[in-house]
Amino acid sequence: MVTMDTYDVMRTTAAVREYTDDPLPDEVLMRILDNARFAPSGGNRQGTRVVVVRDARTRGQLADLGIPGAKRYVAQLRNGEGPWNPLQPCGVDAEAIAAVQVPRESPLREAPVVLVVCVDLSVVAAFDQELDRIGVVSGASVYPFVWNILLAARNEGYGGVLTTAVVAEEPRAKELLGIPEEYAIAAVLPLGKPVRQLTKLKRNPVAEIATRERFDGPPLGD
Ligand SMILES: Cc1cc2nc3c(=O)[nH]c(=O)nc-3n(C[C@H](O)[C@H](O)[C@H](O)COP(=O)(O)O)c2cc1C
């Protein structure tokens, strides 16, 4: 078993969208999930479930379900909007969205395995549910697990990418995979052996993301 330094894993877990023909055996997948499962969840309720999709036809159907969301993404981008931004109304109409061409290629078609990570909404604690804004706290009971999967995959010499476009067509995706009513799809993760491994990721420095005592306080590290 390969074991990388923790900080090296954290600094080099890039979005991997191209994979070699190497398989990702169940044995490795087991190790990835067996370590990722130690992620926290609200009240330790552990409402996460993973559907492991290897079947090429099902992966193709998932890729197809991501297309409408991707079309709106591109249409809004071309219109100078923040794609799928919850604070901005969508300024492009259905006809313009339908007319957009997006590539049929998708990491979901190419990867040897696709994980569909779900969360049971009947066990999450959403402390932001009464606020007049879009919910983010429910996601905190599933995304630590999702990210642990990607970190563990990196540690094992594999890679993947967190995708969410399929969620725009969640009812159809849930029907496709037999996911029960109370579950939400949080992420769709294609995983495989990277064609190339990026090791220098572009991220903002700490001084730009952390301040002392108040949001408008002096930058940490000054
Ligand atoms: C919430 C979320 C949704 C994402 N959705 C997609 C997606 O639908 N398709 C995709 O190719 N990448 C998707 N990504 C991957 C991001 O584009 C990627 O993590 C980011 O650009 C950083 O890439 P890097 O680690 O290679 O620098 C998503 C990432 C996150 C965190």
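In what order do the four strands of the open sheet lie, and is the pairing parallel or antiparallel? In this predicted model, the order is S1-S2-S4-S3 and the pairing is antiparallel. Strand S1 (48–53) and strand S3 (159–160) are the edge strands, each with a pairing partner on one side only.

Let's look at the S3 edge a little further. S3 runs antiparallel to strand S4 (residues 183–192), and two bridges join them. Across from Gly159 you will find Gly192 in S4.

Two helices are worth following on the sheet. Helix H2 (residues 26–36) lies across S1, strand S2 (113–120) and S4, and runs at about 30 degrees to S2. Helix H8 (residues 170–177) also packs on the sheet, where it touches S1, S2 and S4. The direction of H8 makes about 70 degrees with that of S4.

Now to the ligand. Which residues surround it? The shell consists of Ala14, Ala15, Arg17, Val161, Leu162, Thr163, Thr164, Ala165 and Arg203. Sorted by class, five of these residues are nonpolar, two are polar and two are charged.

Oxygen atoms of the ligand have N or O atoms of the protein beside them as follows.

| Residue | Part of the residue | Distance to a ligand oxygen atom |
|---|---|---|
| Arg17 | N or O atom in the side chain | 2.7 Å |
| Thr164 | backbone N or O atom | 3.5 Å |
| Arg203 | N or O atom in the side chain | 2.7 Å |

So much for individual atoms; what about the surface of the ligand? Taken alone, the ligand exposes 630 Å², and the protein buries 53% of that area.

To put the pieces together: Arg17 and Arg203 each offer a side-chain N or O atom 2.7 Å from an oxygen atom of the ligand, while Thr164 takes part through its backbone, at 3.5 Å. On the sheet, H2 lies across S1, S2 and S4, and H8 touches S1, S2 and S4.

Key: Residues are numbered from 1 along each chain as its sequence is written. This is a predicted model: local features need pLDDT of at least 70, side-chain atom pairs count only at pLDDT 80 or more; totals for chains, interfaces and linings use all residues. Side-chain values use heavy atoms; hydrogens and water are left out. A residue is near a molecule or strand if one of its heavy atoms lies within 4 Å of it. A polar contact is a pair of N or O atoms within 3.5 Å; within protein, one must be able to donate a hydrogen and the other to accept it, and residues adjacent in sequence count only if both atoms are side-chain atoms. Accessible areas come from the Shrake-Rupley method with a 1.4 Å probe; for residues, only the protein chains shown count as cover. Ala, Val, Leu, Ile, Met, Phe, Trp, Tyr, Cys and Pro count as nonpolar, Asp, Glu, Lys and Arg as charged, and the others, Gly among them, as polar. Two strands pair if DSSP finds at least two bridges between them. Contact means heavy atoms within 4.5 Å. Axes are lines fitted to C-alpha atoms, for helices over the stretch in contact, and angles run from 0 to 180 degrees between N-to-C directions.
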